[in-house]
Structure formats: C-alpha cells, structure tokens
Amino acid sequence: MKNAELQIGCQTFTWEMLGTGWRGGPDDLVRAIADGGYAGIEITDTMIGHYALEPADFARTLTDAGLALVSFAFGSASGFTVAEKIASDLDTARRWVDFAANFPGAMISMGSATVVSDGPRDKKFAIAAECYNRATEIGQSAGVTVAVHPSSHHNTLLFTRNDYDRLFALLDPQVGWVPDTGHILRGGQQIGDTLAAHRDRIRYVHLKDVDAGGTWAMLGEGVCDVPAVISAVQDAPNFIGWIVVEEESDHAATNPAAAVRTNRETLRHLGF
C-alpha cells in the first residue's frame with residue numbers, strides 16, 4: 001500500500017479525557033474532526049451519546065461532514081479479566097458489533113485488558129483471551145472485524161512486550177490488533193520490533209507521541225518515529241489503510257480541537 005492510499009482519522013479520546021470539563025456532544029466532535037482535516041473518526045461508547053440508538057442518523061451526520069467511521073471503541077469496568085463478567089462483556093460486544101455493522105468497513109476496538117480484581121495474573125490473561133476470542137466470533141458473524149487495543153494506563157495487563165506476547169499467543173488468528181505508538185513506547189518497547197513480531201494482527205494504528213520520559217507530547221515533538229511507524233504498518237498484510245491520530249498531551253487538554261488540527265498539519269508536513 002502506498003502513502004497516497006493512506007487515510008487519516010482522529011480518535012475522540014482527546015475530548016473524553018477532559019471528563020466533566022467537556023460539555024459538548026457527538027455533533028461537536030464530528031464538526032471539530034472534520035474541520036481539522038481528517039477523513040475518519042473513531043468514537044467510543046462514552047462519547048457516542050444519543051446516536052447509540054440511532055446508527056442511521058449517525059451515518060447521515062458523518063456523511064454530511066465528509067467523515068467515515070473507522071472504528072467503534074469500547075471498554076468495560078471488568079477490564080475484560082473477570083470471569084463472572086464475560087457474559088455481560090460479550091452482550092456489550094454484540095451491541096456495538098450490531099452498531100458498527102451499519103457502517104461499511106467499520107471495525108470494533110476493544111480496550112486493554114486491565115487488572116481490576118485480586119487473583120493470579122496468569123489467569124487474567126486467559127480470561128481476557130477468552131473474551132477477545134469470543135467477541136471476535138460475534139463480530140465475524142456480522143461481518144465486523146474486532147481488534148484489541150492495549151494501553152499503558154493504570155493497572156493495564158498489557159504494558160511490556162512480554163505482556164503482548166503472552167496475550168497474543170492465546171488469541172485466535174482472526175483477532176486483530178490496534179497498535180498504539182504512545183502506549184508501546186511508554187511500555188519500554190522497541191516499537192519496530194513489536195510491530196514486526198505481530199504484524200499479521202495489525203488492522204490500523206493509533207498514532208501518538210511521548211517524550212523520552214513517557215510523558216504525552218504533541219505529534220512530532222516526542223520520540224515516536226512517525227514515518228518509520230507508518231512504513232511498518234503499511235507492510236502489514238491485514239492493514240486496512242487507516243492511521244488514527246490520538247492526542248493526550250496537556251496541550252490537548254487546553255484546546256482539543258486546536259491540538260488535533262495541529263497534529264493533522266504535522267502529518268501533512270511529513271508527507272502524509
């Protein structure tokens with residue numbers, strides 16, 4: 001796949017991380033992302049608002065804004081690691097798979113396995129794998145690809161390269177992966193090696209930056225080698241063409257719309 005075929009999307013967590021400081025709604029997100037120069041949006045269960053029950057209306061809103069739905073992302077209070085909650089988590093997965101099925105090519109991104117209870121760590125990998133595998137089967141029945149999005153946030157089960165390897169060894173081949181450059185770097189990983197090791201699982205990428213100490217930075221102002229990452233994912237056999245920019249820096253917390261617009265300009269300057 002050549003650079004001209006890449007498509008650049010934006011994740012809505014830039015606004016979600018503001019918590020109660022964000023008083024807008026999904027229409028505001030769509031408008032800001034379209035105005036920022038993006039071609040697609042990844043939205044979460046927290047930010048979808050009234051459109052959760054109105055996929056056709058959301059599809060019209062995106063079409064009017066010139067945006068595609070890249071993926072719908074959701075997490076769980078169970079961290080996908082509590083055996084007694086698997087049935088409930090799969091019901092949630094089914095709900096959002098049905099939603100995403102209204103958008104041709106849209107995927108489902110499931111959040112990082114997270115430790116939320118006591119018990120052996122090994123068992124939590126097994127529980128998470130079962131949940132991701134069964135959710136992927138649900139997606140397949142509806143023609144929707146499901147992928148895992150590891151994070152480096154508090155209590156994540158998926159921080160180091162060893163963590164990634166342990167989980168992926170338990171996943172069915174059909175389960176996708178959304179590598180996140182910021183989280184990989186914060187986990188002390190060599191990003192090129194990690195991408196290469198699990199290249200067959202890569203579906204699209206979350207692109208964000210951190211400084212040498214792991215603090216979030218605006219894209220291009222940290223240690224992430226953006227061109228190298230894009231080159232690596234372009235070579236992945238199941239990469240669907242989307243680079244989804246996500247921003248978590250303090251600058252974004254001050255003015256999310258301006259931050260994502262700046263990141264899009266940074267990519268343009270880099271030739272993307």
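**A walk from the sheet to its helices**

In this predicted model, C10 has a bridge partner in strand β2, and that partner is I41. This one pair belongs to a longer contact, since β1 and β2, the latter covering residues 40–44, pair in the parallel sense over three bridges. Strand β1 itself spans residues 7–11, and four of its five residues are buried, which leaves the strand mostly covered.

Strand β1 also pairs with strand β10 (residues 242–245), to which four bridges join it, and these two strands run parallel as well. Within that pairing, Q7 stands opposite W242 in β10.

From here the view can widen to the whole sheet, which is open and is formed by eight strands with parallel pairing, in the order β6-β5-β4-β3-β2-β1-β10-β7. The edge strands are β6 (176–177) and β7 (205–207), each of which pairs on one side only. Elsewhere in the order, strand β3 (residues 68–74) is joined to strand β4 (residues 107–110) by four bridges, and the two run parallel; one of the facing pairs here is A73, which stands opposite S109 in β4.

Helices pack on this sheet. Helix α2 touches β1 and β2, and its direction makes about 150° with that of β2. Helix α11 (residues 256–269) likewise packs on the sheet, touching β1, β7 and β10, and its direction makes about 155° with that of β1.

Helices also pack against one another. Helix α2 (residues 26–35) packs with helix α3 (residues 55–65) at an angle of about 25°, their axes lying 10 Å apart, and α2 is therefore roughly parallel to α3, because an angle under 35 degrees counts as roughly parallel. The crossing in which α2 passes α3 is right-handed. In this contact, D27, V30 and A34 of α2 meet F58, T61, L62 and A65 of α3, a set that divides into five nonpolar residues, one polar and one charged.

A second pair of helices can be read in the same manner. The axes of helix α4 (residues 86–100) and helix α5 (residues 121–142) come within 10 Å and cross at roughly 30°, so α4 and α5 are roughly parallel to each other. Here too the crossing is right-handed, with α4 passing α5. On the α4 side the contact is made by I86, D89, L90, A93, R94 and V97, and on the α5 side by I127, E130, C131, R134, A135, I138, G139 and A142. Sorted by character, the residues of this contact of α4 with α5 are nine nonpolar, one polar and four charged.

Definitions and conventions:
Residues numbered from 1 in each chain as written. Predicted model: local features only at pLDDT ≥ 70, side-chain atom pairs only at ≥ 80, totals over all residues. Heavy atoms only, no water. Axes fitted to C-alpha atoms, helices over the stretch in contact; angles between N-to-C directions. Parallel < 35°, antiparallel > 145°, perpendicular 65-115°, else oblique. Left-handed = near helix turned anticlockwise from the far one by under 90°. Contact = heavy atoms within 4.5 Å. Nonpolar A, V, L, I, M, F, W, Y, C, P; charged D, E, K, R; others polar. Buried < 20%, exposed > 50% of the residue type's maximum accessible area, 1.4 Å probe, protein only. Pairing = 2+ DSSP bridges.
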